[in-house]
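Here are a few exercises to work through with the model open beside you. Try each task before reading its solution.

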Amino acid sequence: QKFLAENGVASRRKSEELIARGKVRVNGHPAGLGDKVDPQRDLVTVSGERIVPPERSQKQTVYIMLNKPRGYVTTMNDEMGRKCVAELVEDIDERIYPVGRLDRDSEGLLLFTNDGEFANMMTHPSMHISKTYRVTVKPAADEQQLVALSSGVVIDGKKTMPASVQVMSETSDRSVIQITIHEGRNRQVRKMCDAVGLETIRLKRISIGSLKLGTLSVGTYRDLKKEEVAALKRSAQKAKSANENKGGRRR
């Protein structure tokens with residue numbers, strides 16, 4: 001089913017259905033779920049039609065953004081049977097994977113690609129691409145907590161980099177805060193809020209670098225425009241250069 005999905009026959013789930021219905025054969029024999037194939041040696045057919053892997057040069061590079069709903073884990077295959085983001089992009093022929101992650105209870109902007117170099121640029125610690133989150137916390141944040149979030153707090157034994165923090169709205173028992181960070185540590189925003197005594201009620205990523213979530217509907221995706229991909233790459237290179245210059249000055 002992985003081979004079929006990678007070669008644009010159908011999503012993994014649909015490929016499993018084709019196999020279960022006896023539509024898929026390997027070297028003339030009915031295929032079974034989990035069978036392994038060697039694309040260079042084995043003959044794979046679906047309803048009698050041979051599946052030939054495209055040349056590497058013909059591979060289409062894909063860059064998409066998804067508005068991830070809450071309740072989905074950021075993985076393409078979950079052994080625990082939980083809802084995963086793969087279900088939301090299963091109609092894409094190319095084999096893609098998430099760039100970074102959002103935890104199960106978080107929502108918002110999530111990138112996917114099949115471009116390994118681009119994915120590395122977006123996630124490598126040296127890049128420090130900005131990511132902005134809309135966070136609802138309780139109780140209402142006070143000035144001391146906001147200053148601590150912006151100046152840096154210690155999580156997992158290491159102080160976070162300075163962040164941009166802005167109160168968007170508040171009531172007597174909760175605040176909606178916009179937080180922009182420049183690193184991508186595990187569950188960082190939630191841990192930052194927890195470190196200053198704030199419970200995260202809702203967390204939504206609304207931008208990565210210059211790319212904004214905008215009005216994209218929850219659970220849907222769209223292709224990135226060429227200029228959007230180029231802008232993200234420029235942001236990564238700019239952040240990397242700034243980080244290297246800081247390192248040089250410290251020496």
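This is a predicted model, so keep that in mind as you go.

**Exercise 1. Which residues does Phe112 touch, not counting residues up to four places away in sequence?**

Step 1. Pick Phe112 and skip the residues up to four places away in sequence; what remains includes Val62, Tyr63, Ile64 and Leu66.

Step 2. Carry on through the list: Phe112 also touches Met76, Val85, Val89, Ile96, Tyr97, Pro98 and Val99.

Step 3. Now put Phe112 in context. The largest nonpolar core has 30 residues, and Phe112 is among those with the most contacts inside it, along with Val135, Ile179, Val189 and Leu198.

Step 4. Ask which elements feed this core. At least two residues each come from the strands β5 (63–68), β7 (107–113), β8 (131–138) and β12 (175–181), and likewise from the helices α4 (143–151) and α5 (188–195).

Step 5. Don't stop there: a second, separate core has 19 residues, including Met65, Leu111, Ala119 and Leu211. As background, nonpolar side chains in soluble globular proteins tend to be buried together.

**Exercise 2. Work out the strand order in the open sheet of four strands, and find its edges.**

Step 1. Trace the order: β2-β1-β3-β4, with antiparallel pairing.

Step 2. Look at β1 (residues 24–26) and β3 (residues 44–46), which pair in the antiparallel sense over three bridges. Within this pair, Val24 stands opposite Val46 in β3.

Step 3. Find the edges. β2 (29–30) and β4 (49–50) each have a single partner strand, so one side of each has no neighbour in the sheet.

**Exercise 3. Ala148 and Gly152: is each one buried, partly exposed or exposed?**

Step 1. Locate them. Ala148 is in helix α4, while Gly152 lies in the loop between α4 and β9 (154–155).

Step 2. Apply the cut-off for buried, under 20% relative accessible area. Gly152 has 12%, so call Gly152 buried. Ala148 comes out at 23%, so Ala148 is partly exposed.

Step 3. Check the contacts, again leaving out residues up to four places away in sequence. Ala148 touches Val153 and Val196; Gly152 touches Lys159, Thr160 and Met161.

Step 4. Finish with two distances, C-alpha to C-alpha. Ala148 and Arg101 are 25 Å apart in space and 47 residues apart in sequence. For Gly152 and Arg70, the figures are 27 Å in space and 82 residues in sequence.

Key: Residues numbered from 1 in each chain as written. Predicted model: local features only at pLDDT ≥ 70, side-chain atom pairs only at ≥ 80, totals over all residues. Heavy atoms only, no water. Core = buried A, V, L, I, M, F, W, Y, C linked by side-chain atoms within 4.5 Å. Buried < 20%, exposed > 50% of the residue type's maximum accessible area, 1.4 Å probe, protein only. Contact = heavy atoms within 4.5 Å. Pairing = 2+ DSSP bridges.
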